[in-house]
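Colleague: I would like to learn how to read a model through its side chains, taking one feature at a time. Could you give the general idea in each case and then turn to the example at hand?

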Amino acid sequence: MELLSSTKSFGGWLKRYSHDSLSVKGSMTFAIYLPPQAETQKVPVLYWLSGLTCNDENFTQKAGAFRKAAELGLAIVCPDTSPRGTDYPNEHENYDFGSAAGFYLNATVSPYSNTYHMYDYVVQELPHLIEANFPVNEKCSISGHSMGGHGALICALKNPGKYQSVSAFAPIVNPTNCPWGEKAFTGYLGEDKTTWEEWDSTCLVEKQAESASERLTLLIDQGEADNFLVEQLKPEALEAACNKAGHPLILRRQPGYDHSYFFISSFIDDHLEHHANALK
């Protein structure tokens, strides 16, 4: 790993690194906030997945999370949102596909299948790297925003026992049935829509209704003034699936709030406390 920057914040340290990734076959960047407690003991980790157009710096600069993370003794890891350094057809032309839009899945359509393995990176490679190089323990949770909220939900649902808790802000909960998801899944996974369902949290809840070995409570905050609410986010789809399957869901609809980090920063402390309680 190469240390890119190190900044003290609320008694802890925000560090930014680059490293060579086997999952995406290229250089990746991530940020990690280590609370002051990490100087004397191993601490639990919250993985934060960002949304479309973002990278590892959006959360660290805008969420206002470090005061509470320092208080709770919680490390926060923020990966990038897609592989970088490639030049595939259509990769850099649109905000909702390709660069900064990896959708936290493993692509199966060439040429994206060569490097767009963000699911493997987030679930396997990055945690191994963090645990081997930083003072963290084996307990971790996951959260995210928009596309990253989608990523957090599918990572938790597909890996029972790995995460102690999961939450999301304005997640894309039914990507098989919205323009963002349909575009991305066609480009990364192909035309066979049956293969899309394993990357859709609503479909996963429905499929696991009787066989789920774990039922983590899904904590979701959704702004009611979100411009993407009706066409892209559709929280009612996940709500219906959870009600039918008996899967625990806390869906908080927040009047007046939009899709921005002003919304996230307003409720991030609640989410950090939710995760800290589970990680204890």
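**Reading the side chains**

Modeller: Let us begin with the cysteines: the structure holds zero disulfides, a disulfide being a pair of cysteine sulfur atoms within 2.5 Å. Cys 54 is in no disulfide, and the nearest cysteine sulfur, which belongs to Cys 78, is 11 Å away. Cys 155 is likewise in no disulfide, with the nearest cysteine sulfur, that of Cys 140, at 10 Å.

This is a predicted model, in which local features need pLDDT of at least 70 and side-chain atom pairs count only at pLDDT 80 or more, whereas totals for chains, interfaces and linings use all residues. Residues are numbered from 1 along each chain as its sequence is written, and side-chain values use heavy atoms, with hydrogens and water left out.

Colleague: Are Cys 54 and Cys 155 buried or exposed?

Modeller: Buried means under 20% relative accessible area, exposed over 50%, and partly exposed in between, with a 1.4 Å probe and protein chains only. Cys 54 counts as buried because its relative accessibility is 8%, and Cys 155 is buried with a relative accessible area of 0%.

Colleague: How many aromatic pairs does the structure hold, and how should one read them?

Modeller: Rings of Phe, Tyr and Trp (its six-membered ring) pair if their centres lie within 6.5 Å; planes under 30 degrees apart count as stacked, over 60 as edge-to-face and the rest as tilted. The structure holds 21 such pairs. In one of them, the rings of Phe 185 and Trp 196 have centres 5.7 Å apart and planes at 75 degrees, so this pair is edge-to-face. Because Phe 185 lies in helix α5 (residues 179-189) and Trp 196 in the loop between α5 and α6 (201-207), the pair ties together parts eleven residues apart in sequence; helices (H or I, at least four residues) and strands (E, at least two) are DSSP runs, numbered from the N terminus. Phe 185 is buried at a relative accessible area of 0%, and Trp 196 is buried at 2% relative accessibility.

Phe 263 and Phe 267 form another edge-to-face pair, 5.9 Å centre to centre with 65 degrees between the planes. Being four residues apart in helix α9 (residues 261-279), they are separated by about one helical turn. Phe 263 and Phe 267 are both buried, and they belong to one aromatic cluster with Trp 48, Phe 59, Phe 169 and Tyr 257.

Colleague: Which residues of α5 are buried, and what do they pack against?

Modeller: An α-helix has 3.6 residues a turn, so residues three or four places apart point the same way. In α5, the buried residues are Trp 180, Gly 181, Ala 184, Phe 185, Tyr 188 and Leu 189. They cover an arc of only 105 degrees around the axis (taken from the directions from the helix axis to the C-beta atoms), which puts them on the same side of α5. These buried residues pack against α4 (147-158) and α7 (229-233), where contact means heavy atoms within 4.5 Å. Just after α5, Gly 190 takes a positive phi of about 100 degrees.

Colleague: Where is Ser 82 found, and which residues does Ser 82 touch?

Modeller: Ser 82 is found in the loop between β5 (75-79) and α3 (118-133), and is buried with a relative accessible area of 0%. Leaving out residues up to four places away in sequence, Ser 82 touches Met 28, Gly 98, Ser 99, Ala 100, Ala 101, Gly 102, Tyr 116 and Met 118.
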